[in-house]
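Please look over the model shown here with its charged side chains in mind. The report that follows deals with salt bridges, a surface patch and one helix.

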Amino acid sequence: MKVSFHGACREVTGSCILVETSDVKFIVDCGLFQDEDSEFRNMISFDFNPFDIDFVLLTHAHVDHCGKIPKLFKEGFMGNVYCSYPTVDLANQMLLDSAKVFTMREGGTPLYFPSDVEKAIENFKAVPYDQEYSITNNIRIRLKDAGHILGSAIFEVWIREGKREVKLVFSGDLGNPPAPIVKDTDLIDGADYVFIESTYGDKVHLSRDNGRKLLEEKIIEGIKNDAVMIMPVFALERTQEMIVELKRIFEKGHIKNIPVFLDSPLASRVTNVYKKYESFFDEEAKRISKKKKDLFYFENFKISKKKGDQASFLKHSGAKFVMAGSGMCDGGRVLDYLKKYLPKKNTELLIISYQAENSLGRKLMEGESEVDIGKKRVRVRANVSKIQAFSSHADSLKLVDWIGEIKKPNPKTIFINHGDGISSEVLSNNIKEKFDLNTLIPDYGEEYEL
Ligand SMILES: [Zn+2]
């Protein structure tokens, strides 16, 4: 059997691994590239013929993992996309949003339209966690909870070729427990080959408890200074987690309630999907949902629903807190707030997410005193803080620990992808050093015989 890598090689977007056995071809994830050349890279043909692919295994609904699935269908794929139950609905929301963005872009042909998303979603097939499921006579799968976002899955895949059976494990993106809402990352007992992400393969996160303390301190200080607090958020998972974190802080009762506003139509739709899948929450989130009826509500918290909501929030004087997309400030409604409030001294910009190179968020994080927002040059007098405790990705220690549990059997090779810069290499060295396992960092297009 052969595996080859068609994205997320020494970078964090465009996840796509092709597996070819004696009788079947399948891919694991089919994600959008989101780098500077992404428009071109997403538009060009796949390296393989989509018509020849029998099925797709989808680890989760982030677009860097699922964003090219409608294109795959458009270009001839006719099989099923296997994923968890929440992933079907979450991918639907994320893909429809991508289609909308493509159709709104000036010039060029959109990568796909909402109607392509609808056709693709009809072929998504939900599979429960923890149960073996046979896709063909020779291939069976089992989804384990990756704890990264709601519905995220690690795929265990058993492939039989003649008398030989090989077990492959695809990590997808691994979570950063303890996180609110999602369950802790499942451990895997053994595998012949492992494919693991390395987003934070070279970093150790601040603990969530310290992050919570820091966030609370920032809010107390912000209230004292009548500050406008702006938190750019990604619509999927980060927003829902931060609603729960803010609920925790404000419901303690010793902090004055100030208006807290979520201004992101996509995040609001995604939050509604979360509400539908409460049975997938961790125990604490289930308990709060049961007791308080709604995990995503607290006093003074408002979600933007109609025209005019933003204007009335902007008009409000005194301390206030807003979450808005996009998480890297590259578009979305957060720009409305940045334009108005970055030039003011009593603004606190709270960066909690990964900021890609050249993104507006990265520029602000690095302390640039002037930035371009659309056609406007904006002075930055706001205070910018970063809190790197709320990542939904495992850090280097957690990635290494997760690999360490895969013992029966010990993997023959660990393929490391989905990591920028030196993160894949640092993870590779740490794994080799600690467990004496064979590791490989594939380059784009590289093929390996297993
Ligand atoms: Zn992800």
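## Charged pairs and their surroundings

E165 is partly exposed, its relative accessible area being 37%. In this predicted model, R140 forms a salt bridge with E165, with the closest N and O atoms 2.9 Å apart. The pair links distant parts of the chain, since R140 belongs to strand β8 (residues 139–145) and E165 to strand β10 (residues 164–170), 25 residues apart. R140 is likewise counted as partly exposed, at 23% relative accessibility.

Strand β10 also holds K167, which meets E156 of strand β9 (residues 153–161), 11 residues apart. Here E156 counts as buried at 1% relative accessibility, and K167 is buried with a relative accessible area of 9%.

| Salt bridge | N to O distance |
|---|---|
| R140 and E165 | 2.9 Å |
| E156 and K167 | 2.7 Å |
| K218 and E348 | 3.8 Å |

Because K218 lies in helix α6 (residues 208–224) and E348 in strand β16 (residues 347–351), this salt bridge ties together parts that are 130 residues apart in sequence. Both K218 and E348 are buried. Elsewhere, R208, D209, R212, E241, E245, R248, E284 and R287 are joined into one network by salt bridges that share partners; the whole structure contains 37 salt bridges.

A negative surface patch is made up of E36, D37, E357 and D420. D420, in the loop between β20 (413–417) and α14 (423–435), counts as partly exposed at 33% relative accessibility.

In helix α11 (residues 334–341), the buried residues are V334, L335, Y337, L338 and Y341. Because these residues cover an arc of only 160° around the axis, they lie on the same side of α11.

Definitions and conventions: Residues numbered from 1 in each chain as written. Predicted model: local features only at pLDDT ≥ 70, side-chain atom pairs only at ≥ 80, totals over all residues. Heavy atoms only, no water. Patch = residues over 30% accessible without salt bridge, like charges linked within 9 Å, V, L, I, M, F, W, Y side chains within 5 Å. Areas by Shrake-Rupley, 256 points an atom, 1.4 Å probe, with all protein chains shown as cover. Salt bridge = Lys/Arg side-chain N within 4 Å of Asp/Glu carboxyl O. Lys, Arg positive; Asp, Glu negative; His and termini not counted. Charge placed at Lys NZ, Arg CZ, Asp CG, Glu CD. Helix = DSSP H or I, 4+ residues; strand = E, 2+ residues; numbered from the N terminus. Buried < 20%, exposed > 50% of the residue type's maximum accessible area, 1.4 Å probe, protein only. Arc of directions from axis to C-beta.
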